[in-house]
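Welcome! Here are some exercises to work through with the model open beside you. Try each task before you read its solution.

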Amino acid sequence: MTSPDFLLRFSRRRFCLRSRKDVRMKLPVLFATLLCTCAAFATTHEIKMLNNGKDGIMVFEPGFLKVKKGDSVKFVPTDAAHDMSSVSIPAKAKAFKAPLNKGVTVKLTEEGVYLYECKAHITMAMVGVIQVGDKAPNLSEVEKAAQPLAATFVLNKDRLTKYLAQVQK
């Protein structure tokens with residue numbers, strides 16, 4: 001006869017050995033799962049294209065958005081007759097645009113400041129700013145690109161200045 005304690009100790013040893021072997025054999029699968037899990041932490045944010053919003057008429061809402069590198073932004077044409085295109089972006093980033101009355105989702109992979117506009121309503125200062133990450137290495141370039149853009153504003157002349165003031169350097 002064997003004692004229950006002996007069986008318990010035997011089964012624990014056997015389980016541990018089996019577990020170590022399983023881990024070694026499945027290490028590539030576990031690593032791949034970990035990588036996928038990290039990617040799953042990326043967030044999708046939504047920016048609405050509105051005729052009226054909390055910042056006035058013809059706005060992107062929110063007008064300023066801070067996100068993490070790898071996050072996505074979905075531009076939603078909530079109201080009709082809006083388009084969207086990037087004006088100034090980090091050096092290695094891809095330019096983006098959405099045609100009139102169409103939405104688009106953009107994955108932001110480069111740290112920095114992204115300035116975008118609605119060409120149909122640029123005279124009403126329909127612009128927005130996204131900061132990706134904690135640094136703004138291209139802020140001076142964005143501010144230079146903003147000057148001629150702001151000169152075309154008929155309404156809401158200080159909107160872009162307010163958005164750029166929210167960028168953390």
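The expected span of a helix is 1.5 Å times one less than its number of residues. Keep in mind that the model you are looking at is predicted.

**Exercise 1. A helix and its two sides**

Task: Compare the reach of helix H2 with its expected span, then work out where its buried residues lie around the axis.

Solution:
- Step 1. Find H2 at residues 139-150, a run of 12 residues.
- Step 2. From its first C-alpha to its last, H2 reaches 16 Å, close to the expected 16 Å.
- Step 3. Look for residues under 20% relative accessible area, the cut-off for buried. In H2 these are Leu139, Val142, Ala146 and Leu149.
- Step 4. These buried residues share one side of H2, because the arc they cover around the axis is only 75°.
- Step 5. Turn to the other side of H2, where Lys144, Gln147 and Pro148 are exposed.
- Step 6. Ask what lies over the buried residues. Their cover includes three strands, E5 (84-88), E8 (112-117) and E9 (127-132), along with helix H3 (159-165).

**Exercise 2. Reading a sheet**

Task: Give the strand order of the open sheet of four strands and name the strands at its edges.

Solution:
- Step 1. Going across the sheet, the order is E2-E1-E4-E7, and the pairing is mixed.
- Step 2. Strand E2 (56-61) and strand E7 (104-107) each pair on one side only, which makes them the edge strands.
- Step 3. On average, neighbouring strands in this sheet are turned by 20° against each other, with direction ignored.
- Step 4. Now zoom in on E1 (residues 44-53) and E4 (residues 72-76): the two run parallel and are joined by five bridges. One residue to look for is His45, whose bridge partner in E4 is Val73.

**Exercise 3. Charged pairs**

Task: How many salt bridges does the structure hold, and how exposed are the residues that form them?

Solution:
- Step 1. Start from the general idea: side chains of opposite charge can pair when their charged atoms come close.
- Step 2. The count for this structure is three salt bridges.
- Step 3. Take Lys66 and Asp134, whose closest N and O atoms are 3.0 Å apart. Lys66 belongs to strand E3 (residues 64-67) and Asp134 to the loop between E9 and H2, so this pair ties together parts that are 68 residues apart in sequence. Lys66 is partly exposed at 30% relative accessibility, while Asp134 is exposed at 56%.
- Step 4. Next, Lys119 meets Glu117 in a salt bridge with an N to O distance of 3.1 Å. Here Lys119 is exposed, at 52%, whereas Glu117 is buried, at 8%.
- Step 5. Finally, Asp158 and Lys162 form a salt bridge at 3.9 Å, N to O. Asp158 is partly exposed, with a relative accessible area of 44%.

**Exercise 4. A meeting point**

Task: Which residues are in contact with Gln168, leaving aside its neighbours within four places in sequence?

Solution:
- Step 1. Locate Gln168 in the segment after H3. Gln168 is partly exposed, at 44% relative accessibility.
- Step 2. List the contacts of Gln168: Lys66, Gln131, Asp134, Lys135 and Ala136. Among them are Lys66 and Asp134, the two partners of a salt bridge from Exercise 3.
- Step 3. Check one distance: the C-alpha atoms of Gln168 and Asp134 are separated by 6.8 Å, although these residues are 34 apart along the chain.

Key
Residues are numbered from 1 along each chain as its sequence is written. This is a predicted model: local features need pLDDT of at least 70, side-chain atom pairs count only at pLDDT 80 or more; totals for chains, interfaces and linings use all residues. Side-chain values use heavy atoms; hydrogens and water are left out. Axes are lines fitted to C-alpha atoms, for helices over the stretch in contact, and angles run from 0 to 180 degrees between N-to-C directions. Buried means under 20% relative accessible area, exposed over 50%, partly exposed in between (1.4 Å probe, protein chains only). The arc is that of the directions from the helix axis to the C-beta atoms. Contact means heavy atoms within 4.5 Å. A salt bridge is a side-chain nitrogen of Lys or Arg within 4 Å of a carboxyl oxygen of Asp or Glu.
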